[in-house]
Amino acid sequence: TAPQNTQHSTSRHIATTTTVLASIFLTLQLVSLAGTCFLYFTSDTSSTQREVITRLYHKSLWKQFRKTNALQLHAMIAVAIQTGLLLLSILLLVGITKKKRFLLLPWLIVWGLGMVVGMVGAVLCVITVPGMYKLLAVFLVVITVFLVLPTWFFSLHLFADLTTNSNTFRYEYDTSICDDQYCGGERKQDLLFRYLYA
């Protein structure tokens, strides 16, 4: 019917949009993870420490970072977090492809909180990062508003759509069982009763 065709077209449009956004999101995650891995393996060199520490950390922390190589520890923590988030994005794409809504749920929960963390991180960048590198806050806001939020929004719609379709299928299945097994059986018994007692 026309309403069903319209609903199917809308569902397909939502799935396509979510796939595109999730693919872009995953690509940026891979690039970011590669950059963090590079930072981890080069964090003990003086050039990397000079370029990163003096730009992203306050002056009072410079000596401490050079003595303890805390930059490498920070990079290792970042690699672990990014790897976990990357796995969630892969699950999201698999869930979209296979239409398994339970695979979408972890990504929705984590990045629902992640949007709040992104905004808080932007404020912290303005407060703690010295000099012109406060502009990192603008980058975080742009990523959150123009990529994370739309991806989360469409993923949530797709999750709701898959839930609705699942419930509709279950209802139709239960109705067909009633018609074929129980309701049909009652009609047969009624015809037999009429035949015997006519």
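Biologist: Why is glutamine 49 called buried rather than exposed?

Modeller: This is a predicted model. In it, glutamine 49 has a relative accessible area of 11%. The cut-off for buried is under 20%. So glutamine 49 counts as buried.

Biologist: Where does glutamine 49 lie, and what is it in contact with?

Modeller: Glutamine 49 sits in helix H2, residues 46–56. Neighbours within four places in sequence are left aside. Glutamine 49 then touches Ser43, Asp44, Thr54, Arg66, Asn69 and Leu71. Contact here means heavy atoms within 4.5 Å.

Biologist: How many aromatic pairs does the structure hold?

Modeller: Five. One of them joins tryptophan 107 and tryptophan 111.

Biologist: Why is the pair of tryptophan 107 and tryptophan 111 called tilted?

Modeller: The ring centres are 6.2 Å apart, and the planes make an angle of 35°. Pairing needs centres within 6.5 Å, so the two rings pair. Stacked needs under 30 degrees and edge-to-face over 60. An angle of 35° meets neither, so the pair is tilted.

Biologist: What separates tryptophan 107 and tryptophan 111 along the helix?

Modeller: About one helical turn, because they are four residues apart in helix H5, residues 105–128.

Biologist: How do you know whether tryptophan 107 and tryptophan 111 are buried or exposed?

Modeller: Tryptophan 107 has a relative accessible area of 0%. Tryptophan 111 has 13%. Buried means under 20%, so both tryptophan 107 and tryptophan 111 are buried.

Biologist: What makes phenylalanine 153 and phenylalanine 154 an edge-to-face pair?

Modeller: Their planes stand at 90°, and the centres are 5.6 Å apart. Edge-to-face needs over 60 degrees and pairing needs centres within 6.5 Å, so the name follows.

Biologist: Why are phenylalanine 153 and phenylalanine 154 called partly exposed?

Modeller: Phenylalanine 153 has 43% relative accessibility. Phenylalanine 154 has 22%. Partly exposed lies between 20% and 50%, so both phenylalanine 153 and phenylalanine 154 qualify.

Biologist: Which residues form an aromatic cluster?

Modeller: Phe25, Trp107 and Trp111 form one.

Biologist: Which residues is glycine 112 in contact with, beyond its neighbours within four places in sequence?

Modeller: Trp107 and Trp152. Glycine 112 is in helix H5. From glycine 112 to tryptophan 152 is 40 residues in sequence, yet 7.2 Å in space, C-alpha to C-alpha.

Biologist: What makes up the nonpolar surface patch?

Modeller: Met119, Met132, Leu135, Val138, Val141, Val142, Val145 and Phe146 make it, and its area is about 750 Å². Helix H6, residues 136–196, gives the most, with five residues. Valine 138 lies in helix H6.

Conventions:
Residues numbered from 1 in each chain as written. Predicted model: local features only at pLDDT ≥ 70, side-chain atom pairs only at ≥ 80, totals over all residues. Heavy atoms only, no water. Phe/Tyr/Trp six-rings, centres within 6.5 Å; stacked < 30°, edge-to-face > 60°. Helix = DSSP H or I, 4+ residues; strand = E, 2+ residues; numbered from the N terminus. Buried < 20%, exposed > 50% of the residue type's maximum accessible area, 1.4 Å probe, protein only. Patch = residues over 30% accessible without salt bridge, like charges linked within 9 Å, V, L, I, M, F, W, Y side chains within 5 Å. Areas by Shrake-Rupley, 256 points an atom, 1.4 Å probe, with all protein chains shown as cover. Salt bridge = Lys/Arg side-chain N within 4 Å of Asp/Glu carboxyl O.
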